[in-house]
Amino acid sequence: MIALLFCVCTLAGIAHAQEPLSPVIMEPDRFDQWGDIGVNDENARLDKIALQAREWPLSIVHLVIHAGQTACVGEAKARGVRAKNYLVNRGIEPERIVFTDAGWRKEVSVQVWIWPPQLGKPKVVPDDSDLKRSAVRLERNCKIKYRRTR
């Protein structure tokens with residue numbers, strides 16, 4: 001009788017131990033960020049992003065871009081288009097790359113997240129360096145001035 005009771009208790013413990021745990025989905029950390037860097041440095045960062053995106057084939061690359069306090073009209077969008085084209089040329093499907101023109105900050109800012117589509121877009125959290133349109137000097141017919149070559 002004691003042996004039978006021991007077996008029943010042991011089997012119950014084993015069955016409980018084999019129950020799958022509920023997955024815990026945490027919000028992923030930002031993959032990378034940079035400011036107004038030279039073309040070679042930015043391309044090196046984009047190469048790392050492309051490598052990671054190929055390793056995670058179901059992920060989406062999110063680029064959140066802020067233009068600087070002095071900016072060309074449409075600068076954040078132009079930076080996003082350029083980065084997306086670069087990543088597509090590195091083999092990442094265009095539908096897996098999303099960029100957001102997030103407005104202006106005191107300094108140019110590019111933030112990158114690579115995560116599953118189920119998580120949606122990253123939440124852009126305003127900070128002290130965010131600027132309103134009235135605090136920005138927009139230049140027309142200018143070239144984006146972030147292409148410093150080192």
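This talk walks through the structure shown above, from its overall layout to a few chosen residues.

Good morning. Please keep in mind throughout that this is a predicted model. I shall begin with the chain as a whole, continue with the sheet and its helices, and then turn to charged pairs and one buried alanine.

Let us start with the overall layout. The protein contains three helices and seven strands. Reading from the N terminus, the order of these elements is α-β-α-β-β-α-β-β-β-β. The protein has 150 residues, and 33% of them count as buried. Its exposed surface comes to about 10,100 Å², and carbon and sulfur atoms supply 58% of that area. How far apart in sequence are the residues that touch? Among contacts with a separation of 6 or more, 81% are between residues 24 or more positions apart.

Now to the sheet. A general point may help here: strands of a sheet pair through backbone hydrogen bonds, and the pairing is either parallel or antiparallel. In our protein, five strands form an open sheet in the order β1-β5-β2-β4-β6, and the pairing is mixed. Which strands lie at the edges? They are β1 and β6, each of which pairs on one side only.

I would like to examine two of these pairings. Strand β2, residues 60-67, runs parallel to strand β4, residues 97-105, and six bridges join the two. Within this pairing you can find His62 opposite Val98 of β4. Further along, Ala67 stands opposite Trp104, again in β4. The second pairing is between β4 and strand β6, residues 130-131, where two bridges are formed in the antiparallel sense. There, Arg105 has Asp130 of β6 opposite it. Please remember Arg105, as we shall return to that residue.

Next, the helices that lie across these strands. Helix α3, residues 75-89, lies across β2 and β4, and its direction makes an angle of about 155 degrees with β4. Helix α2 lies across β1, β2 and β5, at about 165 degrees to β1.

We come to the charged side chains. How many salt bridges does a search of the whole structure find? The number is nine. I shall describe some of them.

Asp32 and Arg45 form a salt bridge through their side chains, with 2.6 Å from N to O. This pair links distant parts of the chain, since Asp32 belongs to strand β1, residues 32-34, while Arg45 belongs to helix α2, residues 39-55, and the two are 13 residues apart. Is Asp32 buried or exposed? Its relative accessibility is 17%, so Asp32 counts as buried. Arg45, at 28%, counts as partly exposed.

Arg105 now returns. Its side chain meets that of Asp127 in a salt bridge, at 3.7 Å from N to O. Here too distant parts of the chain are linked: Asp127 sits in the loop between β5 and β6, and Arg105 in strand β4, 22 residues apart. Arg105 counts as buried, because its relative accessibility is 7%, whereas Asp127 is partly exposed at 37%.

A further salt bridge joins Arg96 and Glu93, whose closest N and O atoms are 3.0 Å apart. Arg96 is buried, with a relative accessible area of 9%, and Glu93 is partly exposed, with 35%. Finally, Asp36, Glu75 and Arg79 are linked in a network of salt bridges.

My last residue is Ala53, which lies in helix α2. Why is Ala53 classed as buried? The reason is its relative accessible area of 0%, as buried means under 20%. Which residues does Ala53 touch, leaving aside those up to four places away in sequence? They are Ser59, Val61, Ile92 and Arg96. Ile92 is 39 residues from Ala53 along the chain, yet their C-alpha atoms are separated by 7.1 Å. Arg96, for its part, is the residue we met in the salt bridge with Glu93.

To close, I suggest three places to look at in the structure above. One is the open sheet of five strands, with β1 and β6 at its edges. Another is Arg105, which stands opposite Asp130 and forms a salt bridge with Asp127. The last is Ala53, buried in the model and in contact with Ile92 and Arg96, among others. Thank you for your attention.

Definitions and conventions
Residues are numbered from 1 along each chain as its sequence is written. This is a predicted model: local features need pLDDT of at least 70, side-chain atom pairs count only at pLDDT 80 or more; totals for chains, interfaces and linings use all residues. Side-chain values use heavy atoms; hydrogens and water are left out. Two strands pair if DSSP finds at least two bridges between them. Helices (H or I, at least four residues) and strands (E, at least two) are DSSP runs, numbered from the N terminus. Buried means under 20% relative accessible area, exposed over 50%, partly exposed in between (1.4 Å probe, protein chains only). Contact means heavy atoms within 4.5 Å. Accessible areas come from the Shrake-Rupley method with a 1.4 Å probe; for residues, only the protein chains shown count as cover. A salt bridge is a side-chain nitrogen of Lys or Arg within 4 Å of a carboxyl oxygen of Asp or Glu. Axes are lines fitted to C-alpha atoms, for helices over the stretch in contact, and angles run from 0 to 180 degrees between N-to-C directions.
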